[in-house]
Every structure is written in structure tokens, then in C-alpha cells.
Amino acid sequence: MNELELYKGNRITLMACSSCNAKCSDCYIGYTGNRTPDDLYNIAYLLMNDGKHVRIDGAEVLTNLDYLKTLKLVGQNWIMTNGFRIYSEPDIIDLLRDNNIDTVYMSYHYGIQEDINSISLTIVEDVIKLLNKNNFNIYLNCTLTNRNYKDIKYIAEKTYQLGAKGVGFNKIFQQGKAKNIENLDLTKEQSKEFFEDLNYLRNHHDKNEFYITRGGSLGHDTFKGKDNFRCNAGNNHVMIAPDSKVYGCNAICRPGYEIGEFINNKVYLYKKFYHDESVCLAELLGYLNEDNMDNLTYDKYPVLVKKYSNKK
Ligand SMILES: C[S@@+](CC[C@H](N)C(=O)[O-])C[C@H]1O[C@@H](n2cnc3c(N)ncnc32)[C@H](O)[C@@H]1O
Ligand code: SF4
């Protein structure tokens, strides 16, 4: 039995569901179950009253449109989606607007979409056009592998031309289902090339016009040599899965990687959990694997990070 202590951080993401209308071969979602819309709403309400900053995410939140009332409750003006429900039922755009959503984050995995996602890029592009016509802000998420990492300059240009307000690059996490596919990870050299190109892009785009981000899984910026990367997973941000298990990051919301529990509407973390924020927690946990979670203690952590960093 793990000893627990109250979570002192502020940010909480409620994972609404594991249901999805697509089947991506790389999907990292590993929890099961769906909250009922009323359950989600009530929990969000209580957490907000407790002073927490609450956000709603999940596998595909648009699989149940009744979840939208909770987004409105917590003041979340954005949704993350694969776009398919908007494509097949364009009228739901009105419902999005009624729930104060004006920003849509969509997956656009240029160069690899057909390999990993059952929804084609053409469909996503149609949805982008439709959302643009309806004055939504669109941000695109692009997963990078060793196949498309060289294309980020082209991808940025293409997404800009499509009318997106920004693009976010994330490295593939080869965890969960993605463990079964061939190695698509970037080598150290490839990561370096990525950061060079990212730096170029950021110097060529005004971030108020087109915002380019990158996820923690890409690690430290090897180009600038300046190390200001921090990962607050587990310390000031946790995810609560539909079964009330607590995780540090959506990329690692799967049995075996729990860092705490949600009991009587309060978040508790395992006392032994320790994260010094110097590395992406999801990457670290993926490397550790679920049998070695006990290494996330103050005593063992520095050795672990050293070992992990050497591996990279
Ligand atoms: C889990 S999905 C949930 C939202 C929505 N269903 C979608 O696909 O956009 C959130 C983002 O995580 C990405 N993702 C899923 N599995 C991944 C993995 N193994 N590595 C990196 N990104 C992944 C998806 O492509 C998507 O951009
Ligand atoms: S990545 Fe998104 S769209 Fe693809 S299976 Fe996972 S939750 Fe569904």
C-alpha cells in the first residue's frame, strides 16, 4: 500500500473518456473507461471550488457532446480533436460556439498521418477550411518520427498557408500501442537537426502571427545550448483518469504508471513520488517501464536521470 499525501499543485486535467472514433497505431492512451457527463461536471465543479485550475481532455472528447458543458463550466475555450466528428457532423460547430469554444487543436501528422492515423490529411484539411470559415482559431499538432522530422520547415509553411495560427511538434512516444511498431525515435543527431530548424523557424515567424511550439518529449534544446527546459508533470499538473487513478502526464496515463489517487474529490500523490523537473516525466517513465516505478524516489532519482540522460 502506497502512503499518500495531498497534491499541492494547482493544475488538474480530467480525462473524460477513453472512447475514440479513430484507431491510431501509435496512440498512447492506455486507460479505459468513460466518465458520465454529469460525473465529469460535478468533479470539475468541486475541484474548481477548491481553487484548482481544471481542464478537460481525453481520448476523443467529441465522442460525447454532453462533455462540452463541463468545458464551458471551467472556462476552457479550446478543444483537442482528431476532427472526424466535425467532418461528419459539421453542425456541431454551433454547439462548440454555444459552449464558448473558439479554438481547436487538431492532429496533422504531415508525412506520417496515413501510417499511424485512420483519418486522412485531406479530411483534416477540409475540417481546417470549415473551421477557418467559421472564424475558429486553429492550432495543429504534428507528431515527429525519424521519417518526417526533416520536414518541419515545410510543415510550418503548409500549416501557415492552411490558415492555422500555430503548429506544435511532439516527438513520438514509443509507449503503449506504439511499442509494437518499428523504432521511429529520433537519434541525438536528428534531434539536433530538429532544433536547428526550429530555431530557424522561430526567427522567421512572428509568434503573434504564427506560434510554433515543441513538446517536452523532444528534450533539451541542443541548439541554443541554454538549458531552460522544465517539466512540471506531477508537481504542478496531474491527470485524473476515468477510474480515478492519478497520472503525471497524458502521454503516460496507463496502468502501472500511477503517481497517486483521487479520493473523495481530492488528489493525493504517493509520498515516494519525486520529480526534479529536469527531464520530461513521460519520457523518463517510458524508459523506466512499469516494473521500476519505485525508482521515482528522492534517493534513486538522480542516478536514474543520469542513466537515462546517458542513454539519450
Ligand atoms: C491522444 S490524442 C487526443 C486528442 C485527439 N483524439 C487527437 O488525436 O487529436 C492527443 C495528441 O496526442 C498524439 N499522440 C497519440 N499517441 C502518441 C504517441 N505515441 N506519441 C506522440 N504523440 C501521440 C495524437 O496524435 C494527438 O495529436
Ligand atoms: S491519437 Fe487521438 S484519434 Fe488517434 S486513437 Fe488516440 S485518441 Fe483517438
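**Ligand surroundings and helices in a predicted model**

Trainee: How many residues of each class does the shell around ligand 2 have?

Mentor: The shell has 6 nonpolar, 2 polar and 2 charged residues. Ala, Val, Leu, Ile, Met, Phe, Trp, Tyr, Cys and Pro count as nonpolar, Asp, Glu, Lys and Arg as charged, and the others, Gly among them, as polar. This is a predicted model, in which local features need pLDDT of at least 70 and side-chain atom pairs count only at pLDDT 80 or more, while totals for chains, interfaces and linings use all residues. Residues are numbered from 1 along each chain as its sequence is written, and chains are lettered from A and ligands numbered from 1 in the order in which they are written.

Trainee: Which residues are around ligand 2?

Mentor: Among them are Cys-20, Lys-23, Glu-60 and Asn-117. Each counts because its C-beta atom, placed from the backbone, lies within 6 Å of the ligand.

Trainee: Which residues come nearest to ligand 1?

Mentor: Of 17 residues around ligand 1, the nearest are Tyr-28, Asn-82, Ser-107, Asn-141 and Phe-173. This shell divides into 9 nonpolar, 6 polar and 2 charged residues.

Trainee: What span does helix α6 reach, and what is expected?

Mentor: Helix α6 (residues 121-133) is a DSSP run (H or I, at least four residues; strands are E, at least two), numbered from the N terminus. Its 13 residues reach 18 Å from first C-alpha to last, close to the expected 18 Å. The expected span is 1.5 Å times one less than the number of residues.

Trainee: Which residues of α6 are buried?

Mentor: Val-124, Val-127, Ile-128 and Leu-131 are buried, that is, 20 or more other C-beta atoms lie within 10 Å of their own, with C-beta atoms placed from the backbone. A residue is exposed at 12 or fewer and partly exposed in between.

Trainee: Why do the buried residues of α6 line one face of the helix?

Mentor: Seen down the axis, they fall within an arc of 105°, so they line one face; the arc is that of the directions from the helix axis to the C-beta atoms. An α-helix has 3.6 residues a turn, so residues three or four places apart point the same way. The face of α6 turned away from the buried side carries the exposed residues Thr-122 and Lys-133.

Trainee: Which residues of α7 are buried?

Mentor: They are Ile-152, Ile-155, Ala-156 and Thr-159. Their arc is 100°, so they too line one face of the helix.
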